[in-house]
Amino acid sequence: MQIKKYIQTGQYHEEHGILCQDAVGQCEKEGKCAIVGCDGAGTAPYSHIGANELARQLATYLAVNEEQLCSKTESEIARNIADFITEVMENQSKKYNCDQKDLACTVMAVVTNEREHRYLSIHLGDGMILSKKHRQKNYNILSWPRNGVFRNQTYLTTTADLKKYIRIKQGKIEDIETFALISDGVYEYQPDILSVCSKIDKISSGEAILASRDDQLIAVMCA
């Protein structure tokens, strides 16, 4: 599998000297390929650290443990992922002497198993996970964004009873040629799937895209 990623600091962050809070992690191991996108919470002062650390560590965890995870039920997978996320957040809060909420982020992830022709997706919060089949022009939304009561609220790695809000999907790759992860900065609250598809295609073809007010993350895994 080939992975392409695009991360752009949002205009607001550039204007105020704030570091980009979006991060991508990837890992390939023995026929398994994992990509993870994390979008740090804007109100969390160390969310850029939380997003980077979790994206990196979760990608490795998924590639190494894909077979074990896929032998479980979806609720068991969600519990395992929640436990892993909590452990990473706890370790980072101790390392940086901060509250776990200071590291909060959302999570999007896909891991594939080439030999078994299957995928596993993991989603917490907003952002979207998409897929595209061979000879198909546009992407299908595999997992929609999930917000709280208000459009600028969502579920984060520090949300209480985390396992309840982690969405798991499993399936056969069959003729899927591409998976894509995008952060909410790509669509600015209201997903416009045609605009999103256009941006993903530009990244896949090596073109740059303009920054929005928010940070933008697009990570593409293709055969």
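A pocket, as the word is used here, is an open set of grid points with protein on both sides within 12 Å along at least five of seven lines, and its lining residues have an atom within 4 Å of a point. Keep that in mind for the second largest pocket of this predicted model.

The second largest pocket holds about 150 Å³ of space. Its lining draws on both ends of the numbering and on stretches between them. M1, E28, G31 and C33 take part. So do T112, E114, H117 and H134. I173, E174, I176 and A223 complete the list. By character, the lining residues split into five nonpolar, four polar and three charged.

Now step back to the whole chain. The protein chain has four helices and 10 strands. In sequence order they run β-α-β-β-α-α-β-β-β-β-β-β-α-β. Of the 223 residues, 51% are buried. Take the contacts in the chain with a separation of 6 or more: 68% of them join residues 24 or more positions apart.

Next, follow helix α4, residues 193-204. How far apart should the ends of its 12 residues be? At 1.5 Å a residue, the expected span is 16 Å. The end C-alpha atoms of α4 are 16 Å apart, so the model agrees with the expected value.

Which residues of α4 are buried? They are V196, C197, K199, I200 and I203. These five cover an arc of only 160° around the axis, so they sit on the same side of α4. Strands help to cover them. Among the elements over the buried residues of α4 are β1 (2-8) and β6 (128-133). Strands β9 (176-182) and β10 (216-222) also belong to that cover. Just after α4, G206 adopts a positive phi of about 90°.

Finally, look at S47. This residue lies in helix α2, which spans residues 47-70. Is S47 buried or exposed? The cut-off for buried is under 20% relative accessible area. S47 has a relative accessible area of 0%, so S47 counts as buried.

What does S47 touch, leaving aside its neighbours within four places in sequence? Its contacts include Q21, G40 and A41. On the other side of S47 in the numbering, D102, L103 and A104 are also in contact with S47. Q100 can be placed by distance. The C-alpha atoms of S47 and Q100 are separated by 9.5 Å, although the two residues are 53 residues apart along the chain.

Technical notes. Residues are numbered from 1 along each chain as its sequence is written. This is a predicted model: local features need pLDDT of at least 70, side-chain atom pairs count only at pLDDT 80 or more; totals for chains, interfaces and linings use all residues. Side-chain values use heavy atoms; hydrogens and water are left out. Helices (H or I, at least four residues) and strands (E, at least two) are DSSP runs, numbered from the N terminus. The expected span of a helix is 1.5 Å times one less than its number of residues. Buried means under 20% relative accessible area, exposed over 50%, partly exposed in between (1.4 Å probe, protein chains only). The arc is that of the directions from the helix axis to the C-beta atoms. Contact means heavy atoms within 4.5 Å. On a 1 Å grid over the protein atoms alone, a cavity is a set of points where a 1.4 Å probe fits but cannot get out, and a pocket is an open set with protein on both sides within 12 Å along at least five of seven lines; lining residues have an atom within 4 Å of a point. Grid points are joined across faces, edges and corners, and a volume is the space filled by probe spheres set on the points. Ala, Val, Leu, Ile, Met, Phe, Trp, Tyr, Cys and Pro count as nonpolar, Asp, Glu, Lys and Arg as charged, and the others, Gly among them, as polar.
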